[in-house]
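Me: Please take a close look at a single part of this predicted model, the surroundings of the ligand. A connected account of the contacts there would be appreciated.

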Amino acid sequence: MAAPKRFFVENMQEDMMLPEQEARHARNVLRLSEGDEVTLFDGSGREYSAVVTRADRQGISVHVVREDISDREPKTWVFLLIGALKGDKTELVVQKATELGVMRIGVFSSRYCSAYMNENKLERLRRVAREAAKQCLRASVPRVEYYETLEDALRAGSECVTRLFACEFITETESDIIDTGATVCAVVGSEGGFSEEEYALAQRLGYCGVSLGKRILRAETAAVALLAVIMHEAGELG
Ligand code: SAH
């Protein structure tokens, strides 16, 4: 039997209606009906088994029968800081980072960054994170925020034990990524890259420069590669 379908709900209750958008999909595409089992998640790391108690034009009602803590969340807490990217590239990074198990994402503007952010774009990124979490069976949805300056972003990550700054113009990694702490902040620049001053600022704030090899990667490749290395070193892959 196929796994129960997953739905994101914001305010979890024992008896509730699925949110409008989720209900439409559930009824028209998935053809859910009374008695079907579903899984609900609210982004908190918990997930809930529920049964459909009514499915009609008014909507879909569900009754929660069990609550579990998801076992799919990584033990290492990872915070990705990524420069705002052009087109839909930031969305791509949010999607991939969510799949790789990141817990928080900060999008920042920096000196050579030419993309801009607004409330709509941020809302869209949050939706991408929810959809990606749903698709990869996560029960946590990474929080997505925007920082107007690189400094604000770096300060937001300063409580992480390990702080890594992917810098395209250094030739050697300053620290051992292998020794990741319980919390890791990973910073990747936008298409325009970083300036020397920005790298110096990151160092002052306790970030270690990381090289991802001799080739210059696109920002989205760099983000995915760095996160995969961190998760691997943290023992989260395989
Ligand atoms: N415009 C820049 C490249 C920016 S690449 C140039 O022409 O030099 C975008 C971001 O990806 C960088 O800011 C960095 O965070 C990351 N990145 C790309 N290649 C990298 C590498 N070889 N080592 C470390 N970081 C890299």
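Reply: In this predicted model, a backbone N or O atom of E191 is placed 2.9 Å from a nitrogen atom of the ligand. A backbone N or O atom of G213 likewise approaches a ligand nitrogen atom, here at 3.0 Å. On the oxygen side, a backbone N or O atom of G189 lies 2.9 Å from an oxygen atom of the ligand. On its own, the ligand has 560 Å² of accessible area, of which the protein covers 83%.

The ligand is surrounded by 19 residues, and those that come nearest are A166, E168, E191, L212 and R215. E191 therefore appears in two roles, as one of these nearest residues and as the source of a backbone atom 2.9 Å from a ligand nitrogen, within the 3.5 Å cut-off for a polar contact. By residue class, the shell comprises ten nonpolar, six polar and three charged residues. The space that the ligand takes is the largest pocket.

Beyond the ligand, the aromatic pairs may be described briefly. The structure holds six of them. One is formed by W77 and F79, an edge-to-face pair with 6.2 Å centre to centre and 70 degrees between the planes. W77 counts as partly exposed because its relative accessibility is 30%, whereas F79, with a relative accessible area of 0%, is buried. The rings of F169 and Y199 also form a pair: their planes stand at 80 degrees and their centres are 5.9 Å apart, so this pair is edge-to-face.

Terms used
Residues numbered from 1 in each chain as written. Predicted model: local features only at pLDDT ≥ 70, side-chain atom pairs only at ≥ 80, totals over all residues. Heavy atoms only, no water. Near = heavy atom within 4 Å. Polar contact = N/O pair within 3.5 Å; in protein donor to acceptor, adjacent residues only side chain to side chain. Areas by Shrake-Rupley, 256 points an atom, 1.4 Å probe, with all protein chains shown as cover. 1 Å grid on protein atoms, 1.4 Å probe; cavity = no way out; pocket = protein on both sides within 12 Å on 5 of 7 lines; lining within 4 Å. Sits in = over half its atoms within 2 Å of the grid points. Nonpolar A, V, L, I, M, F, W, Y, C, P; charged D, E, K, R; others polar. Phe/Tyr/Trp six-rings, centres within 6.5 Å; stacked < 30°, edge-to-face > 60°. Buried < 20%, exposed > 50% of the residue type's maximum accessible area, 1.4 Å probe, protein only.
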